[in-house]
Amino acid sequence: MAPAAASLTAPNARGEEGKPFVEEMRAVAMRLHTKDQAKEGEKEPQAPPVARWEPSVDGYLRFLVDSKLVFETLETIVDRAAVPWYAEFRNTGLERSEQLKKDLEWFKEQGHTIPEPSAPGTTYASYLEELAEKDSQAFICHFYNVYFAHTAGGRMIGKKVSENILNKKELEFYKWEGNLSQLLQNVRNKLNEVASSWTREEKDHCLDETEKSFSYSGDLLRHIFT
């Protein structure tokens, strides 16, 4: 367990037995936002607010390519199910790799060169593979934060980028089949069910991985605003 992450999350995360575990995950994640991102936010901003971003197509493409690799990795891990209960998270409707594939094909049709995955994406994908084999509680923290963040702040970022550089085109990355709220609730239910058999120590270990999840995702987002 990373001491920095543990010191940040542990005092507020522990001792919340009886609360659905996803609520604990959300509470820790919210505290890692800045005040302008969420009212529960406690972090100092490490980047300019989204409203002041000046994205470029090249930077956005790097973000999309690296995101595709991360989502493909998550999907492969749950399909492979080296830990049997990973299979609970197959075909949730939140999967994004096929949608990103379509979006990148569209950019290619517009005459853009699609880059290869870069260090932020390959490093994160490798880390997820490593966690999936040896630390299932930490892995599921990343699974939760990647998918749920994309449906919240991720959509807001996508809208901003679309308005700035894509003539308001809505990419497939930001579209879901069916009722998104219900898809998310289904995954919350599965997460709560899986975590119900964990010890308090295992739950806290999962929560303590949240800061690392934010750090890796932040490295991907940096493509857009730098």
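**Exercise 1. In which loop is Lys168 found? Work out its setting and compare it with that of Ala81.**

Before we start, a word on the model: it is predicted, local features need pLDDT of at least 70, side-chain atom pairs count only at pLDDT 80 or more, and totals for chains, interfaces and linings use all residues. Residues are numbered from 1 along each chain as its sequence is written, and side-chain values use heavy atoms, with hydrogens and water left out.

*Step 1.* Lys168 is found in the loop between α7 (153–165) and α8 (180–195). Helices here are DSSP runs of H or I with at least four residues, strands are runs of E with at least two, and both are numbered from the N terminus.

*Step 2.* Look at the backbone. Most residues other than glycine have a negative phi. Lys168 is not a glycine, yet its phi is positive, about 70°.

*Step 3.* Check the surface. Lys168 has a relative accessible area of 64%, so it is exposed. The cut-offs are under 20% for buried, over 50% for exposed and in between for partly exposed, using a 1.4 Å probe and protein chains only.

*Step 4.* Now turn to Ala81, in the loop between α3 and α4 (97–109). Ala81 also has a positive phi, about 50°, without being a glycine. Its relative accessible area is 16%, so Ala81 is buried.

**Exercise 2. Describe the overall fold.**

*Step 1.* Count the elements: the protein has ten helices and zero strands.

*Step 2.* Ask how much is covered. Of the 226 residues, 48% are buried.

*Step 3.* Look at contacts, meaning heavy atoms within 4.5 Å. Taking those between residues at least 6 apart in sequence, 79% join residues at least 24 apart.

**Exercise 3. Which residues have the most contacts inside the largest nonpolar core?**

*Step 1.* A nonpolar core is a set of buried Ala, Val, Leu, Ile, Met, Phe, Trp, Tyr and Cys residues joined through side-chain atoms within 4.5 Å.

*Step 2.* The largest one has 60 residues, and Tyr60, Leu64, Phe139 and Phe143 have the most contacts inside it. Helix α3 (residues 57–80) gives the largest share of this core, eleven residues.

*Step 3.* Follow Leu64 outwards: leaving aside residues up to four places away in sequence, Leu64 touches Leu100, Leu104, Phe107, Leu171 and Phe173.

**Exercise 4. How is the ring of Phe143 placed against that of Tyr147?**

*Step 1.* Rings of Phe, Tyr and Trp (its six-membered ring) pair if their centres lie within 6.5 Å; planes under 30 degrees apart are stacked, over 60 edge-to-face, and the rest tilted. That rule gives 18 aromatic pairs.

*Step 2.* Phe143 and Tyr147 form a tilted pair, with 4.8 Å from centre to centre and 55° between the planes.

*Step 3.* Both residues lie in helix α6 (residues 136–151), four residues apart, about one turn of the helix. Phe143 and Tyr147 are both buried.

**Exercise 5. Why do Cys141 and Cys206 not form a bond?**

*Step 1.* A disulfide is a pair of cysteine sulfur atoms within 2.5 Å. A search of the whole structure finds zero of them.

*Step 2.* The cysteine sulfur closest to that of Cys141 is in Cys206, but at 4.8 Å the two are too far apart for a bond.

*Step 3.* Cys141 is buried, at 1% relative accessibility, and Cys206 is buried at 0%.

*Step 4.* Place Cys206 in its helix: Cys206 is one of the buried residues of α9. Six of the eight residues of helix α9 (residues 200–207) are buried, so this helix is largely enclosed by the rest of the structure.
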